[in-house]
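Here is a short tour of one chain, written to be read with the model open beside it. Let us take the parts one at a time and see how they fit together.

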Amino acid sequence: MRRIISQIINKALKKQMPGVEVELKDIQANWQDKEQKVHVHLELDADVTKAQLNDILKNAGVL
């Protein structure tokens, strides 16, 4: 299942951040019935260049 989700993430990233590779290590999802929310925890590894990291941080408003 992790491999399939990794492929989906990589396919989505390919359009926005060509060359970024992601490997999903772990995924946990917990449904909170009272609040009707799902909490998702992802642990992943990503290979990015310095330029790509700067772009990601700029888009997130960190830089």
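Val 48 has a relative accessibility of 34%, so it counts as partly exposed. The model is a predicted one, and in it Val 48 sits in the loop between S2 and helix H2 (50-59). Leaving aside residues up to four places away in sequence, Val 48 touches Val 20, Leu 53 and Ile 56. A further pairing to look at is Val 48 with Met 17: they are 31 residues apart in sequence, yet their C-alpha atoms lie 9.2 Å apart in space.

**The hairpin**

Step back from that loop and you come to the two strands. S1 and S2 run antiparallel and are joined by 11 bridges. Together they form a hairpin with four residues between them. In the turn, Gln 36 has a positive phi of about 55°. Elsewhere along the pair, Glu 21 stands opposite Asp 47 in S2.

**A salt-bridge network**

How many salt bridges does the structure hold? There are two, and they link Glu 23, Lys 25 and Asp 45 in a network. In general, side chains of opposite charge can pair when their charged atoms come close. Lys 25 meets Glu 23 side chain to side chain, at 3.4 Å from N to O. Lys 25 also forms a salt bridge with Asp 45, where the closest N and O atoms are 3.5 Å apart. This second pair links distant parts of the chain, with Lys 25 in strand S1 and Asp 45 in strand S2, 20 residues apart.

Are the members of this network buried or exposed? The table gives the value for each residue.

| Residue | Relative accessibility | Class |
|---|---|---|
| Glu 23 | 44% | partly exposed |
| Lys 25 | 35% | partly exposed |
| Asp 45 | 41% | partly exposed |

**A nonpolar patch on the strands**

The strands also carry a nonpolar surface patch of about 530 Å², made by Ile 27, Trp 31, Val 38, Val 40, Leu 42 and Leu 44. Strand S1 (21-32) and strand S2 (37-47) are the elements that give two or more residues to this patch. Which of them gives the largest share? That is S2, with four residues. One of the patch members, Val 40, is found in strand S2. Val 40 counts as partly exposed because its relative accessibility is 44%. As a reminder when you turn the model, side chains in a regular strand alternate between the two faces of the sheet.

**Where the helix meets the strand**

For a contrast with these surface residues, look at Ser 6, which is found in helix H1. Its relative accessibility is 7%, so Ser 6 counts as buried. Not counting residues up to four places away in sequence, Ser 6 touches Val 22, Glu 23 and Leu 24. Glu 23 therefore appears twice in this account: it is partly exposed at 44%, and Glu 23 is also one of the residues touched by Ser 6.

**Confidence**

How far can you lean on these details? The chain averages a pLDDT of 86, and 100% of the residues score at least 70. Among the elements of the chain, S2 has the highest mean pLDDT, 89, and helix H1 (residues 2-16) the lowest, 81. As a general caution, predicted coordinates should not be read in detail where pLDDT is low.

Definitions and conventions
Residues are numbered from 1 along each chain as its sequence is written. This is a predicted model: local features need pLDDT of at least 70, side-chain atom pairs count only at pLDDT 80 or more; totals for chains, interfaces and linings use all residues. Side-chain values use heavy atoms; hydrogens and water are left out. Patches are made of residues with over 30% relative accessible area and no salt bridge: like charges are joined within 9 Å, nonpolar side chains (Val, Leu, Ile, Met, Phe, Trp, Tyr) within 5 Å. Accessible areas come from the Shrake-Rupley method with a 1.4 Å probe; for residues, only the protein chains shown count as cover. A salt bridge is a side-chain nitrogen of Lys or Arg within 4 Å of a carboxyl oxygen of Asp or Glu. Buried means under 20% relative accessible area, exposed over 50%, partly exposed in between (1.4 Å probe, protein chains only). Contact means heavy atoms within 4.5 Å. Two strands pair if DSSP finds at least two bridges between them. pLDDT is the predictor's confidence in each residue, from 0 to 100.
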